[in-house]
Each structure stands twice: as C-alpha cells, then as structure tokens.
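User: I would like to practise reading a protein model from its overall layout down to a single residue. Could you walk me through it?

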Amino acid sequence: MIRRGFTPFACVFTRADKTDQTGWRFFPLTTSRGTADIKAVRAMIEVLNMTADCRFQFGYQEGDDPELFSGNGEVLDVNFVKSTDGYAAMESYLAVTFTKAYVRFGIRLRNEAAATPKIELAWVSTRFDTRAC
C-alpha cells in the first residue's frame, strides 16, 4: 500500500503515569515549519502493535527558533482521542492560530486506563495536511 504524505513509523512510549498533569509525553513527527501560511490543519494517524492502554492526541510545539522547542506539546484537536490500533483522522480541517514563527507537529500520549500504570508503547505514523486559507 502506498502511504503518501505519512511520516515514517516511530516507536513512541508512555510514562507509567495516567494523570493529565504529569502523564503526557510529546513526540514530534514532522520537521519544523514556518507558521505564516498555516491557517488550518487536518491530521491522520496509524497505530500498530500498541502494547495496551495508550491514549493518543494530535499535538504541536511552537518556537521562535526552528530548532528550539520545549514542553509536552499543545493539543491540536481536543475532540480527537485514539486508544486502539488502526487508522483514524480528524473529521475536517481545524482552524489554528499560532503565536510563534515555527511549529512542529506530532502526537501526545499517556497511559490510559491501567489499574497500575506501566510504560506502554506503539508504532505510530502520522500525516499533517495544512492550508493557508
């Protein structure tokens, strides 16, 4: 199957923590892009071989330097959550407003529902389509 526009698969993993305050990790899956012409984003994800109990959200990090980003990423679409293997996508383009010169897209994930949270992992590939209007 030809997978046009998707990132290579990356191994991503959770912390042994399922709280919203400290459990999230951000994995950048694109290179940095200038934000001047990005007005809307639509994201797609494919998850393979998830061990168990992962919660995925699309996210991004902003920065004024194309090589300097920090934090656990901001949520791109609060309504999108994936917790199983397979393919999923945002329903439509989402309007975005960035405040810095550069952005990189990726996924945020954390342990989802384990009674005793453990480090879980999965193979993930994403695609982020952007529009200038």
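Analyst: Let us go from the whole chain to one strand and then to one loop residue. Keep in mind that this is a predicted model.

User: Happy to start there. How many helices and strands does the chain have?

Analyst: A count of elements is a good place to begin. Here there are 10 strands and 0 helices, and from the N terminus the order reads β-β-β-β-β-β-β-β-β-β.

User: Next, overall dimensions. What does the radius of gyration say about the chain?

Analyst: The idea is to set the value beside the one for a compact globule with this number of residues. For 133 residues that reference is near 14 Å, and the chain has 14 Å, so the two agree. Along the principal axes, the C-alpha atoms fill a box of roughly 45 × 35 × 25 Å.

User: What share of the contacts joins residues at least 24 apart?

Analyst: Here one takes contacts between residues at least 6 apart in sequence and asks how many of them reach further. In this chain, 83% of those contacts join residues at least 24 apart.

User: And how should I read the surface and the charges?

Analyst: Take burial, then area, then charge. Of the 133 residues, 43% count as buried. The accessible surface is about 7,200 Å², with 49% of that belonging to carbon and sulfur atoms. There are 17 positive and 16 negative side chains, and 3 Å separates the centres of the two sets.

User: Now a single strand, please. Is β4 mostly covered or mostly open?

Analyst: For a strand, count its buried residues. Strand β4 spans residues 40-48 and is mostly covered, with 7 of its 9 residues buried.

User: Which strands pair with β4?

Analyst: Look for the bridges and their sense. With β10 (residues 121-131), β4 pairs in the antiparallel sense over 9 bridges; one of the partnerships there is V41 with T130. Strand β7 (residues 86-89) is also antiparallel to β4, over 4 bridges, and V47 has G86 as its bridge partner. With β8 (residues 94-95) the antiparallel pairing covers 2 bridges, where A40 stands opposite A95.

User: Let us finish with the loop after that strand. Why is D53 classed as partly exposed?

Analyst: The class comes from the relative accessible area: partly exposed lies between the buried limit of 20% and the exposed limit of 50%. D53 has 27%, so it is partly exposed. This residue sits in the loop between β4 and β5 (54-63). Distance in sequence and distance in space can be read side by side too: D53 and P117 are 64 residues apart in sequence, with 8.5 Å between their C-alpha atoms.

Conventions. Residues are numbered from 1 along each chain as its sequence is written. This is a predicted model: local features need pLDDT of at least 70, side-chain atom pairs count only at pLDDT 80 or more; totals for chains, interfaces and linings use all residues. Side-chain values use heavy atoms; hydrogens and water are left out. The radius of gyration is taken over C-alpha atoms; the globule rule is 2.2 Å times the number of residues to the power 0.38. Buried means under 20% relative accessible area, exposed over 50%, partly exposed in between (1.4 Å probe, protein chains only). Contact means heavy atoms within 4.5 Å. Accessible areas come from the Shrake-Rupley method with a 1.4 Å probe; for residues, only the protein chains shown count as cover. Lys and Arg count as positive and Asp and Glu as negative; His and the chain ends are not counted. The place of a charge is taken as NZ of Lys, CZ of Arg, CG of Asp or CD of Glu. Two strands pair if DSSP finds at least two bridges between them.
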